[in-house]
Amino acid sequence: MIAQDGDDSGNAIPDMISAQMAGKTKPVGIELPYRLPLAALPAISQRAKTLGVRVWVNMIDGNFVIGAGSEKDALRAPEAVWGRLVREGASMLLTDEPEAMLTWRDKARR
């Protein structure tokens with residue numbers, strides 16, 4: 001499911017997640033929309049966690065979660081970008097740099 005609200009604030013997305021998860025067909029993950037403010041992520045992540053669905057962030061250009069950084073930023077500061085998103089509740093990160101992200105993940109798990 002790609003959640004998109006009309007005003008780009010992200011404020012309606014937690015309720016969209018609840019509605020989708022109450023339906024007969026449940027998504028595996030919630031893909032965050034283009035240009036979501038970083039401030040909206042905690043409420044979205046909390047609702048998703050409560051309902052048992054994953055949060056998916058596209059990292060390609062840094063314009064999906066505004067303020068979180070791009071994958072180029074993550075290559076320079078992986079903990080500040082990938083780490084922050086994971087701490088904020090993202091459990092799926094789309095990247096063109098999977099080797100670097102997996103290296104970061106494996107180091108972070110130690």
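## Reasoning from values in a predicted chain

Student: What is the order of the elements from the N terminus on?

Tutor: In this predicted model, the elements of the chain run α-β-β-α-β-β-α-α-β-α from the N terminus on, which comes to five helices and five strands.

Student: What makes the chain as compact as a globular protein of that length?

Tutor: The radius of gyration of the chain is 14 Å, and the globule rule gives 13 Å for 110 residues; the two values are close, so the chain is as compact as a globular protein of that length. The C-alpha atoms fill a box of roughly 40 × 30 × 20 Å along the principal axes. Among the contacts with a separation of 6 or more, 62% are between residues 24 or more positions apart, and buried residues make up 39% of the 110 residues.

Student: Which residues have the most contacts inside the largest nonpolar core, and how many residues does that core have?

Tutor: The core has 25 residues, and those with the most contacts inside it are Ile17, Leu32, Val57, Val65, Trp82, Leu85 and Leu93. Two or more residues come from each of helix H1 (13-22), helix H2 (41-51), strand E3 (54-58), helix H4 (78-87) and helix H5 (98-109). In soluble globular proteins, nonpolar side chains tend to be buried together.

Student: Which residues is Val65 in contact with, leaving aside its neighbours within four places in sequence?

Tutor: Val65 is in contact with Leu32, Leu36, Leu38, Val57 and Leu85, and of these partners Leu32, Val57 and Leu85 are also named among the residues with the most contacts inside the core.

Student: Why is Met59 called buried?

Tutor: Buried means under 20% relative accessible area, and Met59 has 0% relative accessibility, so Met59 counts as buried. Met59 has its place in the loop between E3 and E4. Not counting residues up to four places away in sequence, Met59 touches Gly69, Ser70, Glu71, Val81, Trp82, Leu85, Leu93, Leu94 and Thr95. For Thr95, which is 36 residues from Met59 along the chain, the C-alpha atoms of the pair are separated by 5.4 Å.

Student: Two prolines lie in helices, Pro14 in H1 and Pro78 in H4; why is Pro14 called buried, and what does Pro78 count as?

Tutor: With the cut-off for buried at under 20%, the relative accessible area of Pro14 is 7%, so Pro14 is buried. Partly exposed is the range between 20% and 50%, and Pro78, at 26% relative accessibility, therefore counts as partly exposed.

Student: What do the two prolines touch, not counting residues up to four places away in sequence?

Tutor: Pro14 is in contact with Ala43, Ile44 and Arg47, whereas Pro78 touches Gly83 and Trp104. As for spacing, Pro14 and Ser91 are 77 residues apart in sequence and 16 Å apart in space, C-alpha to C-alpha, while the C-alpha atoms of Pro78 and Asp7, 71 residues apart along the chain, are separated by 30 Å.

Student: Which residues of H4 are buried, and what covers them?

Tutor: Val81, Trp82, Gly83 and Leu85 are buried in H4, and what covers the buried residues of this helix includes H2, E3, strand E4 (65-66), helix H3 (71-76), strand E5 (92-94) and H5. Ala74, which lies in H3, is in contact with Val81 and Trp82 once neighbours within four places in sequence are left aside.

Student: How do you know that Ala74 is buried?

Tutor: The relative accessible area of Ala74 is 1%, and buried means under 20%, so Ala74 is buried. The C-alpha atoms of Ala74 and Met101, 27 residues apart along the chain, are separated by 8.3 Å.

Student: Where is Arg35 found, and is Arg35 buried or partly exposed?

Tutor: Arg35 is found in the loop between strand E1 (29-31) and strand E2 (36-37). Its relative accessible area is 44%, between the limits of 20% and 50%, so Arg35 is partly exposed. Phi of Arg35 is near 70°, a positive value in a residue other than glycine; Gly89, which follows H4, also has a positive phi, near 115°.

Note on methods:
Residues are numbered from 1 along each chain as its sequence is written. This is a predicted model: local features need pLDDT of at least 70, side-chain atom pairs count only at pLDDT 80 or more; totals for chains, interfaces and linings use all residues. Side-chain values use heavy atoms; hydrogens and water are left out. A nonpolar core is a set of buried Ala, Val, Leu, Ile, Met, Phe, Trp, Tyr and Cys residues joined through side-chain atoms within 4.5 Å. Buried means under 20% relative accessible area, exposed over 50%, partly exposed in between (1.4 Å probe, protein chains only). Helices (H or I, at least four residues) and strands (E, at least two) are DSSP runs, numbered from the N terminus. Contact means heavy atoms within 4.5 Å. The radius of gyration is taken over C-alpha atoms; the globule rule is 2.2 Å times the number of residues to the power 0.38.
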